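Colleague: I am new to reading structures, and I would like to know how each term in a description is justified. Could we go through the model together, one term after another?

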Amino acid sequence: MSTESLADAGSYKFGKFEKNAEELARLKLQATIAMDMEREAWKNAGLKSGMNVLDIACGPGFTACELARTVGNGTVTGVDINEELIFTAHQAKVSEKVNNVSFFLGNIYNLDLPENAFDFVYARFVFQHLEKPELALSNIRKVLKPGGVLCVLDIDDNWTSFAPESDAFVKFIRKSGAGQKRKGGNRLIGSQLFGLLSKAGYQNVSSRIYPLTTETLGVKMFLGVAVLFRMEFLSKLQKLLALPQLRKIKKAAEAPDAWGATGVFVTTGTK
Ligand SMILES: C[S@@+](CC[C@H](N)C(=O)[O-])C[C@H]1O[C@@H](n2cnc3c(N)ncnc32)[C@H](O)[C@@H]1O
């Protein structure tokens, strides 16, 4: 990644993580584990067959390929700032034999796309990483057709919980959230999306929360997808100090009565 694109990638600098291969595997898992729920969210947001869709910050393209299958004779354009992920997305298109999706390198802060071009823009797990969400929302609005829909899916740490109460879990969530903030991100973005879209001039703004729980995902997968990756937001010293906490979290999660959940916010608005 160039220095400029590194800066604009906020708190998500793929390629600079300690465990990039693991992160790619996590993205793939995260793109598939709750697909039924995600399809329901798309339907509620107004996604329809034949639409021209932009998947902004598409990462490795797994979700864009699924969107392309969903819109049938429509098209999907995937854009991401990270060259390596765009390369992976091309590979996914080829291996999954999806013809109506294309991938391009691009920056949400400086979109090189035609205005009034898309019926539906999807932004999945990117707003939590952006330092300038207002600029991103304004740029997306330009490329939406009048009446087109923006659908933002993201997380909010205030909606992540674990029982029986685990001090280690609470501390780890707080520390990694603060670490992501230092890197330009915002782990509390989910509940703020309603206000951000409204202020950016979107109409009919609405937020829904979809639960991901240990019951639906299984405890191990829940921890893997929603918790353990957050080590990447800690400093070297904090990582070392967090190891005993992680052991405690894993132990607590093994208890037969353990239950955890995280709320995924899906916020929509029209141009
Ligand atoms: C957590 S990943 C999510 C990827 C994908 N949407 C998914 O759900 O699997 C965040 C993505 O945002 C991309 N990103 C970060 N800042 C960006 C920017 N300024 N413009 C475009 N993409 C950006 C990253 O490269 C990364 O692929």
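Modeller: Gladly, and please keep in mind that this is a predicted model. Let us begin with pairing, since two strands are said to pair if DSSP finds at least two bridges between them. Strand β4 (residues 118–124) and strand β5 (residues 144–163) are joined by 6 bridges and run parallel, so by the definition of at least two bridges they count as a pair.

Colleague: Which residues stand opposite each other in β4 and β5, and what makes the crossover between these strands right-handed?

Modeller: V121 stands opposite L150 in β5, and F120 has V149 of β5 as its bridge partner. The chain passes from β4 through helix α6 (residues 133–143) to β5, and this β-α-β crossover is right-handed. The word is used because, with the strands pointing away from the viewer, the path from the first strand over the helix to the second runs clockwise.

Colleague: Which other strands pair with β5 and with β4?

Modeller: On β5, 11 bridges lead to strand β7 (residues 259–270), and these two strands run antiparallel; L150 has G269 as its bridge partner in β7. As for β4, strand β1 (residues 52–56) pairs with it in the parallel sense over 4 bridges, and D55 stands opposite Y122 there.

Colleague: Why is β4 described as largely enclosed?

Modeller: A residue is called buried when its relative accessible area is under 20%. In β4, 7 of the 7 residues are buried, so the strand is largely enclosed by the rest of the structure.

Colleague: How do you know that the length of helix α7 (residues 167–182) agrees with what is expected of a helix?

Modeller: Helix α7 has 16 residues, which at 1.5 Å a residue should span 22 Å, and its end C-alpha atoms are 23 Å apart, so the two values agree.

Colleague: And what makes one side of α7 a buried face?

Modeller: The buried residues of α7 are A168, F169, F172, I173, S176, G177, G179 and Q180. Seen down the axis of α7, they fall within an arc of 160°, so they line one face of the helix. The elements that cover these buried residues include β5 and α11 (236–254). The face turned away from the buried side carries the exposed residues D167, R174, K181 and R182. Just after α7, G184 takes a positive phi of about 105°.

Colleague: Where do the buried and exposed residues of helix α5 (residues 83–95) lie?

Modeller: With 13 residues, α5 reaches 18 Å from its first C-alpha to its last, close to the 18 Å expected at 1.5 Å a residue. L85, I86, T88, A89 and A92 are buried in α5, and because they fall within an arc of 160° seen down the axis, they line one face of the helix. Their cover includes α2 (20–32), α4 (62–71), β2 (75–80) and β3 (101–105), whereas E83, F87, V94 and S95 on the other side of α5 are exposed.

Colleague: Why is C65 not bonded to C58?

Modeller: A disulfide requires two cysteine sulfur atoms within 2.5 Å. The sulfur of C65 is 9.3 Å from the closest cysteine sulfur, in C58, and is therefore too far for a bond. C151 is in no disulfide either, the nearest cysteine sulfur, that of C58, being 16 Å away. The structure holds 0 disulfides.

Colleague: Are C65 and C151 buried or exposed?

Modeller: C65 has a relative accessible area of 0%, so it is buried, and C151, likewise with 0%, is buried.

Methods: Residues are numbered from 1 along each chain as its sequence is written. This is a predicted model: local features need pLDDT of at least 70, side-chain atom pairs count only at pLDDT 80 or more; totals for chains, interfaces and linings use all residues. Side-chain values use heavy atoms; hydrogens and water are left out. The expected span of a helix is 1.5 Å times one less than its number of residues. Buried means under 20% relative accessible area, exposed over 50%, partly exposed in between (1.4 Å probe, protein chains only). The arc is that of the directions from the helix axis to the C-beta atoms. Contact means heavy atoms within 4.5 Å.
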